[in-house]
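Biologist: I have a model open on my screen and would like to learn how to read it. Could you walk me through it, one feature at a time?

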Amino acid sequence: MSDEQKLRVSKITEGTVIDHVTGGQALNVLAILGIDGSGGEEVSIGMNVPSERLGRKDVVKVEGRELSQDEVDVLSLIAPAATINIVRDYDVVEKHRVERPGEVVGVLQCPNRNCITTKDEPVDSRFAVLDEGVRCAYCDTIIRESIADHIHVG
């Protein structure tokens, strides 16, 4: 690949680079992180860029912010191949792949309207993370597709 064909996005000084995100999921990553443009965060996004490992990938760079483990756990549901790079003073000081947790609590909304988590009860949603999706611990509803549509953070 020639220099003219390479993706050119400036380096960040401090913050997080989320690489190898499933193509087309960058906007869902921003939603999980609560970034909608109104907070003034500096964000760079590359969407559907060529990737040897994934074919197409998204890249999200967030200046001035390091992700919490809870945020990384939720990201793993929509971007299981993602890598998280922590940048300080322009250098990558930590790099690791996301790992899918055994369960996620309080971050997904169950689509079953009869589930106790969707009623006026003080119950956090709880989903077991499966290879093929997630399963509600209360009503056993399984979400296999469009998991990002059920994410509720905050």
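Modeller: Gladly; we will go through the nonpolar cores, the cysteines, the charged side chains and a few loop residues. Keep in mind that this is a predicted model.

Biologist: Let's start inside. Which residues of the largest nonpolar core touch the most other members?

Modeller: A nonpolar core is a set of buried nonpolar residues joined through side-chain atoms within 4.5 Å. Here the largest one has 34 residues, and those touching the most other members are Ile18, Val29, Ile84, Leu108, Phe127 and Val134.

Biologist: And which elements give two or more residues to this core?

Modeller: Both helices and strands do: α1 (26-32) and α2 (69-78) on the helix side, and β1 (15-22), β3 (55-63), β4 (83-88), β7 (126-130) and β8 (133-136) on the strand side. The largest share comes from α2, with five residues.

Biologist: I'd like to zoom in on one member. What is Ile84 in contact with, leaving aside its neighbours within four places in sequence?

Modeller: With that filter, Ile84 is in contact with Thr16, Val17 and Ile18, then with Leu67, Val72 and Leu75, and finally with Glu94, Lys95, His96 and Val98. There is also a second, separate core of five residues, with Ile12, Val17, Val49 and Val59 among them.

Biologist: On to cysteines. How many disulfides does the structure hold?

Modeller: A disulfide is a covalent bond between the sulfur atoms of two cysteines. This structure holds zero of them.

Biologist: Why is there no bond between Cys115 and Cys136?

Modeller: The cut-off for a disulfide is a sulfur pair within 2.5 Å. The sulfur of Cys115 has its closest cysteine sulfur in Cys136, but the separation is 3.7 Å, so it is too far for a bond.

Biologist: Are those two cysteines buried or exposed?

Modeller: Cys115 counts as buried at 2% relative accessibility, and Cys136 counts as buried at 0%.

Biologist: Now the charges. How many salt bridges does the structure hold?

Modeller: Side chains of opposite charge can pair when their charged atoms come close. In this model there are six salt bridges. One of them joins Glu71 and Arg65, whose closest N and O atoms are 2.3 Å apart. Glu71 is buried, with a relative accessible area of 16%, whereas Arg65 counts as partly exposed at 21%.

Biologist: Which salt bridges link parts of the chain that are distant in sequence?

Modeller: Take Arg88 and Glu66, whose side chains meet at 3.0 Å, N to O. This pair links distant parts of the chain, with Arg88 in strand β4 and Glu66 in the loop between β3 and α2, 22 residues apart. Arg88 is partly exposed, with a relative accessible area of 35%, and Glu66 is partly exposed at 39%. Together with Glu94, Glu66 and Arg88 are linked in a network of salt bridges.

Biologist: What about Glu103 and Arg126?

Modeller: They form a salt bridge too, with the closest N and O atoms 2.7 Å apart. Glu103 is in strand β6 and Arg126 in strand β7, so the pair ties together parts that are 23 residues apart in sequence. Glu103 counts as partly exposed at 39% relative accessibility, as does Arg126 at 31%.

Biologist: How should I read Asp73, and where is its nearest side chain of opposite charge?

Modeller: Asp73 is found in helix α2. It is buried yet has no salt bridge, and the nearest side chain of opposite charge, Arg100, is 10.0 Å away. Apart from neighbours within four places in sequence, Asp73 is in contact with Glu99 and Pro101.

Biologist: Finally, the backbone. Which residues have a positive phi although they are not glycines?

Modeller: Asp89 is one of them, with a phi of about 50 degrees. Asp89 sits in the loop between β4 and β5 (91-97) and is exposed, with a relative accessible area of 53%. Ser146 is another, with a phi of about 55 degrees. Ser146 lies in the segment after β9 (142-143) and counts as partly exposed at 46% relative accessibility.

Biologist: And where is Asn114?

Modeller: Asn114 is in the loop between β6 (103-105) and β7, and it is exposed, with a relative accessible area of 65%. Its C-alpha atom is separated by 8.4 Å from that of Cys139, which is 25 residues away along the chain.

Technical notes:
Residues are numbered from 1 along each chain as its sequence is written. This is a predicted model: local features need pLDDT of at least 70, side-chain atom pairs count only at pLDDT 80 or more; totals for chains, interfaces and linings use all residues. Side-chain values use heavy atoms; hydrogens and water are left out. Buried means under 20% relative accessible area, exposed over 50%, partly exposed in between (1.4 Å probe, protein chains only). Helices (H or I, at least four residues) and strands (E, at least two) are DSSP runs, numbered from the N terminus. Contact means heavy atoms within 4.5 Å. Lys and Arg count as positive and Asp and Glu as negative; His and the chain ends are not counted. A salt bridge is a side-chain nitrogen of Lys or Arg within 4 Å of a carboxyl oxygen of Asp or Glu.
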